[in-house]
Every structure is written in structure tokens, then in C-alpha cells.
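Biologist: I am new to this structure and would like a close look at one part of it. Please take the helix packing and carry on from there to the sheet.

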Amino acid sequence: MPTLDWTGKADAIKAAQKIPYRLLEFEESLSCGEKNSGNMIVQGDNLVALKSLLPFYRGRVKCIYIDPPYNTGSAFEHYDDNLEHSTWLSMMYPRLELLREFLSDDGAIFISIDDNEQAHLKLICDEIFGAKNFVANVIWEKKYSPQNDAKWLSDSHDFILVYALKKDLWRPNLLPRTEEMNARYKNPDNDPRGVWKLSPLHAKSGTNIDEYTFPNGVKWSPPPGTFHRYSEETLQSLYENNKIYFGKNGKSTPQFKRFLSEVQQGLVSKTIWFRGECGDNHEAKREMNELNLVFDTPKPTRLIEKILRLSTEKNSLVLDAFAGSGTTAHAVINLNAADGGNRKFILIEDKEYCKTITAERVKRVGGSFNFFKMGEPIFDETGKINSGVTFQQLAAYIWFKFTGTPYAEKKSPLIGIHNGAAYYLLEKPLTKKILETLPAYDGAKIIFGKASRIGAEDLKSLNITFRQIPKEIR
């Protein structure tokens with residue numbers, strides 16, 4: 001398989017490994033709604049944020065959508081063709097490596113891009129996700145009006161590259177049938193089986209019968225150059241089951257009655273997505289204006305909704321590591337309202353507008369989320385707990401890692417109770433004397449500490465699970 005090389009690739013491959021795990025610090029004042037919603041907005045460099053989220057969400061994300069910088073010449077301070085492509089590729093490579101780790105076995109990633117880097121992106125995605133897991137290169141019509149001042153051709157589309165983690169396991173959902181499609185089905189004979197539409201009885205190939213006479217006396221032959229689609233036995237059965245229509249006068253050319261209830265209740269997605277079905281740039285700007293928010297390059301909500309319809313179930317987890325204006329969260333909220341789902345979202349955005357636009361948009365469309373910022377590194381280069389990490393920060397990391405919920409600060413070794421178990425964090429080795437001083441709890445106990453002086457059998461009899469730090473929390 002051909003691979004792409006560029007200046008700095010070797011460093012890009014190692015970049016994700018060098019990023020330390022950092023704490024996620026909960027910001028209650030910037031959060032909104034239900035604390036246990038399961039939705040997150042993280043402000044920080046997405047490479048750092050992804051590394052910090054990995055212990056909690058590895059292999060759990062059904063759909064990743066990202067809309068990275070398109071590298072149009074304004075993405076970087078210094079514009080040099082070779083340097084810029086290299087810089088962009090070095091930025092994308094480690095992030096895609098980490099994103100791959102988040103996907104569930106039946107998960108998929110959708111990446112918006114334009115012509116500037118589409119070919120390069122395809123090659124590094126083949127390398128990271130495997131060429132065999134490439135699904136499609138979707139074309140999305142992003143504009144309607146041509147650009148009359150275009151120097152060459154008027155650019156009217158973007159691409160969406162689609163990769164599955166394991167293509168043999170991933171299957172896209174069917175898209176909903178449109179009202180226009182269903183309107184083609186009628187019921188002129190008041191058939192109790194419901195609405196239907198007509199299909200011909202002939203085909204380009206099939207059964208070689210010269211002429212067939214139906215029990216009502218109507219004779220029928222396929223048009224020249226075609227064949228009977230059905231055998232004589234099948235035609236007889238269709239007639240007996242009132243699935244042949246002879247027109248209002250009962251003598252017209254017979255046709256097959258195809259009932260709406262019997263057809264596939266959904267559509268296979270095409271690879272060309274027109275603006276009429278999933279919006280365009282103008283619609284995206286209008287959505288932002290209606291929310292009294294300003295953002296230069298939003299995506300239309302209907303575009304992301306289509307991606308989510310194709311790739312998620314009602315309880316799926318969705319990740320967007322280049323969150324921008326927050327369209328992905330908006331689409332999750334809309335789709336949940338439409339189908340009664342309980343999808344969760346994780347958004348990551350580095351810029352300061354993460355607070356004023358990304359989070360604000362989610363608030364204005366009725367979403368609940370917990371807001372986090374990046375904290376201190378948890379482990380030093382040797383794998384030990386960083387000396388700068390406080391008890392409360394370590395408690396927050398442990399609590400979130402093992403429960404998936406935000407930590408409420410407590411001045412106690414009992415850091416919380418979750419799903420019937422009490423969680424404790426000790427600064428000293430666990431002994432029977434220390435155990436007697438801990439806040440009481442009549443149930444299972446999970447105790448984190450540097451060492452335990454209580455034997456395994458005694459721990460088991462006391463309904464205690466001991467986890468040694470840092471080994472069992474890394």
C-alpha cells in the first residue's frame with residue numbers, strides 16, 4: 001500500500017505517545033443543565049484533550065465527526081506550500097491516531113475536507129485506519145450559486161471521508177423514506193393491506209413464456225425484447241392473492257401491486273449529498289444568525305443529522321474533536337428529540353469561543369453538558385503521580401475514570417458512592433487501624449492507595465477491593 005511521506009512525519013508519528021495524561025477540571029459555572037447528562041464540552045488542545053479522555057472512552061464511541069481546518073492558506077501564520085502541507089499533516093496524523101482508539105468495533109469516523117488536502121488526508125487515513133476500512137468519499141453540495149469571480153472553476157462542494165474501525169462489522173443505517181416517496185403509493189381499489197404502487201410484470205431477463213392467460217380471461221405477453229419477470233406458478237399465486245391490477249375497467253395491461261408495507265422501510269444513502277436534503281453553507285449561517293451567534297464557517301445542522309442517522313443508535317456516544325460552533329451537539333439534540341433517543345456528545349474546542357459560542361449554542365438549543373478545562377499532568381515521565389497533583393485532583397481523576405461522572409469535591413477520604421459502592425482514596429497505606437477511621441459504609445468498598453497491609457482474604461471478607469496507585473489507575 002502506498003504511503004505518504006513529508007517533512008516531520010517521524011515526529012508526527014511519535015507525537016501522541018509523548019503527550020502526557022492531564023487532569024480534566026470540572027467547571028460548574030460554565031456547565032449547563034443536568035449534571036448526569038453524560039454530555040461534555042472540553043476546552044483545550046484536542047491532542048491533549050483526546051489523550052486525557054482516552055482512559056475513560058477508549059472503544060466506546062459509535063460515531064466521530066470532525067471538521068478540521070481545511071488548510072486553505074489562511075490556516076497558518078506562514079504560508080509556504082511544502083511547509084504548510086507538512087505542518088497540516090503533522091497536526092492531523094497524531095489526532096487521527098488517537099481518534100481511532102475511541103471508536104467502538106462497529107464505529108465509524110466522518111471527516112469534512114475540501115480539495116486542498118483531500119488527497120493527502122485519504123492517504124494518511126488509509127495508513128491509520130487501514131485502506132480496507134475505507135467506506136466512501138461523500139460529495140456534499142455546500143453552495144448553490146456559482147462564484148462568478150472564481151479564477152478557475154467555481155467550488156461548490158466539500159468531501160466527507162468515511163472510515164469504519166472494522167468495515168466488516170460496520171453497517172450504515174437506512175435513511176428515512178421521504179413523504180414524496182410515500183406519496184407515490186395509492187389505494188384506488190381500497191385494498192385492506194394499505195397503499196400500493198404498480199410495477200411491470202416484464203423484465204430484461206426472466207422466464208421465457210410467449211403468452212399467459214389470467215383466470216379472468218385477460219391475456220398478456222411481455223413487450224418485444226423483454227421477458228416474463230415471474231413464472232406461471234407465481235403469476236397464478238399473485239392473481240389469487242389480489243396482487244395483480246387490471247385497471248379500473250378490469251381489462252388494462254396487468255401490473256404487479258407493490259405494497260408500501262412490503263418494501264424496505266428506509267433508503268440506502270448515496271455518496272452525493274445535495275443541499276436540498278442536508279443544507280448548505282447559507283443555511284448554516286442562517287442557523288447561527290437565528291441563535292444570535294456569529295461564526296465564520298459553521299456546518300448546517302441537517303448535514304450532521306444525516307451523518308448521525310446513518311451511523312448511530314439511540315444510545316450512541318458521539319465525539320467531535322474540532323467542535324467549532326457546536327453543530328454536532330445541536331444535531332444530537334435535534335435527533336434525540338425526533339426519535340426519542342438518548343445519544344451523548346463529547347465536544348473539544350481549543351479556542352476561547354468554546355465558552356462564548358460552542359457552549360453558548362448548546363445552551364440556547366436546550367442542551368445539558370458538563371464543561372471541563374485541561375488541568376495538570378497526572379503522571380510524570382517515570383509513571384509516578386506528578387508531585388504537583390493535589391489530593392482533590394487525583395480524587396477527581398480516579399472518580400471520573402472509574403464512574404464516568406463529574407467529581408464533587410469532598411474533604412474526606414470517601415470521595416463518593418456510585419452504583420452501590422463507596423470509593424475511598426488514601427494518602428497512607430491501608431491498615432486495619434486506618435480502616436477503622438474511614439467514614440462508614442454498609443456495602444462494597446473500593447479503596448485506592450499506595451499499598452495495603454491487609455491480606456487478600458481479609459479484604460475479601462470485608463467486601464473491599466483494593467487498587468494500588470499509580471499502577472492500577474494509569
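Modeller: In this predicted model, a good place to begin is where Pro55, Phe56 and Tyr57 of helix α2 meet Tyr397, Phe400 and Lys401 of helix α12. By class, this contact of α2 with α12 has five nonpolar residues, one charged and no polar. Helix α2 covers residues 46-57 and helix α12 residues 391-403; their axes come within 8 Å and cross at roughly 50°. That angle is why α2 counts as oblique to α12.

Next comes the sheet. It is open and has 10 strands, in the order β1-β17-β2-β16-β15-β3-β4-β6-β5-β14, with mixed pairing. At its edges are β1 (22-26) and β14 (272-273), each of which pairs on one side only. Within the sheet, strand β2 (residues 40-43) runs parallel to strand β16 (residues 344-349), and four bridges join the two. Val42 has Ile348 in β16 as its bridge partner.

Helix α9 packs on this sheet, where it touches β3 (61-66), β4 (103-113), β5 (134-141), β6 (157-164), β14 and β15 (317-320). The direction of α9 makes about 155° with that of β3.

Helix α9 (residues 301-311) also has a helix partner, α10 (residues 327-339): the two axes come within 8 Å and cross at roughly 60°. The crossing is right-handed. On the α9 side the contact is made by Thr301, Ile304, Glu305, Leu308 and Arg309. The α10 side contributes Thr327, Thr328, His330, Ala331, Val332, Asn334, Leu335 and Ala338. By class, the residues in the contact of α9 with α10 are six nonpolar, five polar and two charged.

Technical notes
Residues numbered from 1 in each chain as written. Predicted model: local features only at pLDDT ≥ 70, side-chain atom pairs only at ≥ 80, totals over all residues. Heavy atoms only, no water. Axes fitted to C-alpha atoms, helices over the stretch in contact; angles between N-to-C directions. Left-handed = near helix turned anticlockwise from the far one by under 90°. Contact = heavy atoms within 4.5 Å. Nonpolar A, V, L, I, M, F, W, Y, C, P; charged D, E, K, R; others polar. Parallel < 35°, antiparallel > 145°, perpendicular 65-115°, else oblique. Pairing = 2+ DSSP bridges.
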